[in-house]
Amino acid sequence: MEWFARLGRSTLEISAGLGRAAYLLVGALFAKPQLKNIPLTIKQIYVVGVQSLLIIVVSGAFIGMVMALQGYTVLVDYGAEESLGPMVALSLLRELGPVVTALLFAGRAGSALTAEIGLMKATEQLSSLEMMAVDPLRRVIAPRLWAGIIAMPMLAVIFSAVGILGGQAVGVDWLGVDAGSYWSVMQASVEFEKDVGNGIIKSLVFAFIVTWIAVYKGYDSIPTSEGISKATTETVVYSSLAVLGVDFVLTALMFGTH
Amino acid sequence: MNSRKVEVLVGMFVALAAAALIMLALKVADRGISGNGETYVLKAKFDNIGGLKVRSPIKVGGVVVGRVGSISLDEDDFSPVVTLVIGKEFDKFPSTSSVSILTSGLLGEQYIGLQPGFMLEDDDILKPGQFIEDTKSALVLEDLIGQFLFSRGND
Amino acid sequence: MEDLVSVNNLTFSRGQRVIYQDISLRLAKGKTTAIMGPSGIGKTTLLKLIGGQLRPDSGDIVFKGESIPKMRRSRLFEVRRHMSMLFQSGALFTDMTVFDNVAFPLREHTRLSEELIRLLVLMKLQAVGLRGAADMLPSELSGGMARRAALARAIALDPELIMYDEPFAGQDPISMGVLVKLIKELNNALNLTSVVVTHDVTEVMSIADYVYILADKKIIGEGTPEQIRAHESPMVQQFLLGRADGPVPFHFPAQNLEQQLLERR
Ligand SMILES: Nc1ncnc2c1ncn2[C@@H]1O[C@H](COP(=O)(O)OP(=O)(O)O)[C@@H](O)[C@H]1O
Ligand SMILES: [Mg+2]
């Protein structure tokens, strides 16, 4: 009996949470677009995009290098080291670029967004906006949501490009795979629409999910230090899990058949 | 942080992302074939296609001219029919051309090698939808080994 | 005397917990009304109810003849331009300078030129004595200065109603004196209607025209400061004099001490 009550209660809580998250999304995204919001969005792109650039570039380079190293040791046994290019490029473009960027973004920018919005709530800045007849969804949430959705796919593209260059550094310059075949075999097997395009679509979806979770968790946090720290942790955990889960579904849809 | 500096840095960020995308488009993905260009279709019937897959490349002398569009089974004689999607710019293959299923490297991917034939008459070129008559099937390793053992046994 | 705001038979609860049970009060136009009560009684909640951020379970809140809870969101936003609230923490935007904080409502709600906005902001800052701190960030201000900056922001749009949420809490005596003076002066100069929510008895008694005392979900006393001082209710007297125990018990309701100590776990 108690068990059912608990199940019922948590179902209700989860649906109420989803409802609030949807309300926030509608309020922020479908608010009347305002010219004033453009500078705010640019500032947020700076915060979530430019400030995440370093970690993205460094991680991208290392991941590309590690993949080249690992791939080479396997491929060379079959005399297929010219397939190193496509291996590095395809894994980056289709999977690692979008996914690792999303995970890093959740940790670097998502948690900061949650904490910032949670603190704005705790210090009554959101209430005070509301009392000044300014909708916090429009003024605070919308620019951050848009900035995340715009910045993350750009970061993912940069991540993949840097990773491929890192792969070249290790594969070609260090391990001695022929530079011509690294690039030409890559070109022969990578397709713009299918691989680059789908990768960007993936990272758009991830950007949406991660940023939505981050701003929602901040906006819905309990405005105490405990509440904010819990919300920040939840942002990282939930958005990472959501990204990995959704990645499976998207991969199955995009690359699943044949 | 003044807003001018923020704007400049965001502008540079966007430019960097654009540069990365252009690199991916031009250097990583070859947009030449079947990316944007128009294509036409040829067909070929094989006995055995081995590990050939949809999207496997079609090469002429190592140059990619197209990709495998689809693979189906002929309803009458149960042999596989492969649709070759070839770039419009390569539309002058003689009808005596042959196709074979080849393997890049010992364990590499399989692809279709197109061997252009001699031009007998001026307008005797492969037209869209036409079947290529001369086909060589994939070498299946097990068959090869079997043949090898068999021929050894005969010695 | 005309009322700017009247609260009629308001009941409000948070979850299971009833905060207000059928209370009524009025804020007279052009006057300063004080609402006093111990911490956690729901004073901030009352201000949020008046501002339309919360909706009452039952009862009504009327602002200039219009019911706040029945308003549509767009109308509520229009009405809120005529009221402002000084939050307990000041609630300055931490990513903007003092100047930009004060300019914020002007930039949001008017189409004035930057030049004119600059003039207005400097005047408001002058009124609270912070013109020299215009370029400082909120994190660089002392508590008292932050509250004065927030006050400058609150009066930026020349509101009709201003709600002060515990303006004196946590202030040193000098800042407290400055704030008392400011509130008094602003009220006279701008002909504002003010409501001051507080538990600092002496300060507020000196500026209020009318006082309400809240306890236990209800209003237990009301009147002019003189009437309140002479109030016969022991609860009001306990609150005014700050006695630890009395009709409002020192102990939170609990079971018998002896019983609990002897109880086996
Ligand atoms: N967002 C909230 N959710 C649930 N309870 C709240 C919330 N905000 C305040 N409360 C509760 O309502 C009561 C009144 O709060 P408040 O109006 O802040 O009191 P005061 O300002 O008089 O100190 C407090 O007991 C507080 O715990
Ligand atoms: Mg309070």
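In the predicted model described here, strand β3 (residues 32-36) of chain C runs parallel to strand β9 (residues 210-215) of chain C, to which 4 bridges join β3(C); helices (H or I, at least four residues) and strands (E, at least two) are DSSP runs, numbered from the N terminus, and two strands are taken to pair if DSSP finds at least two bridges between them. Within β9(C), C:Y212 is the bridge partner of C:I35. A parallel pairing over 5 bridges also links β3(C) with strand β8 (residues 193-198) of chain C, and here C:I35 stands opposite C:V197. In general, the strands of a sheet pair through backbone hydrogen bonds, in either a parallel or an antiparallel sense. Strand β3(C) is mostly covered, with 5 of its 5 residues buried, where buried means under 20% relative accessible area, exposed over 50%, and partly exposed in between (1.4 Å probe, protein chains only). The cover extends to both faces of β3(C), since C:T32, C:A34 and C:M36 on one side are buried, as are C:T33 and C:I35 on the other.

Residues are numbered from 1 along each chain as its sequence is written, while chains are lettered from A and ligands numbered from 1 in the order in which they are written. As the model is predicted, local features need pLDDT of at least 70 and side-chain atom pairs count only at pLDDT 80 or more, whereas totals for chains, interfaces and linings use all residues, and side-chain values use heavy atoms, with hydrogens and water left out.

Chain C also contributes the surroundings of ligand 1, which consist of C:R14, C:R17, C:I19, C:S39, C:G40, C:I41, C:G42, C:K43, C:T44 and C:T45, a residue being near a molecule or strand if one of its heavy atoms lies within 4 Å of it. This shell divides into 2 nonpolar, 5 polar and 3 charged residues, with Ala, Val, Leu, Ile, Met, Phe, Trp, Tyr, Cys and Pro counted as nonpolar, Asp, Glu, Lys and Arg as charged, and the others, Gly among them, as polar. At least two residues of the shell come from each of β2 (17-28) and α1 (43-50) of chain C, and α1(C) gives the most, with 3 residues. An N or O atom in the side chain of C:T44 is 2.6 Å from an oxygen atom of ligand 1, a backbone N or O atom of C:K43 lies 2.7 Å from an oxygen atom of the ligand, and a polar side-chain atom of C:R14 lies 3.2 Å from a nitrogen atom of ligand 1. Of the 560 Å² of accessible area that ligand 1 has on its own, the protein covers 57%, areas being obtained by the Shrake-Rupley method with a 1.4 Å probe, with only the protein chains shown counting as cover for residues.

In chain B, an open sheet of 8 strands with mixed pairing has the order β7-β1-β4-β3-β2-β6-β5-β8. Strands β7 (131-132) and β8 (134-136) of chain B stand at its edges with a single partner strand each, so one side of each is left without a neighbour in the sheet. Strand β5 (residues 98-103) of chain B pairs with β8(B) in the parallel sense over 3 bridges, and B:S100 stands opposite B:K136 in β8(B).

Chain A, by its secondary structure, has 9 helices and 0 strands, and 53% of its 258 residues count as buried.

How values were computed:
Polar contact = N/O pair within 3.5 Å; in protein donor to acceptor, adjacent residues only side chain to side chain.
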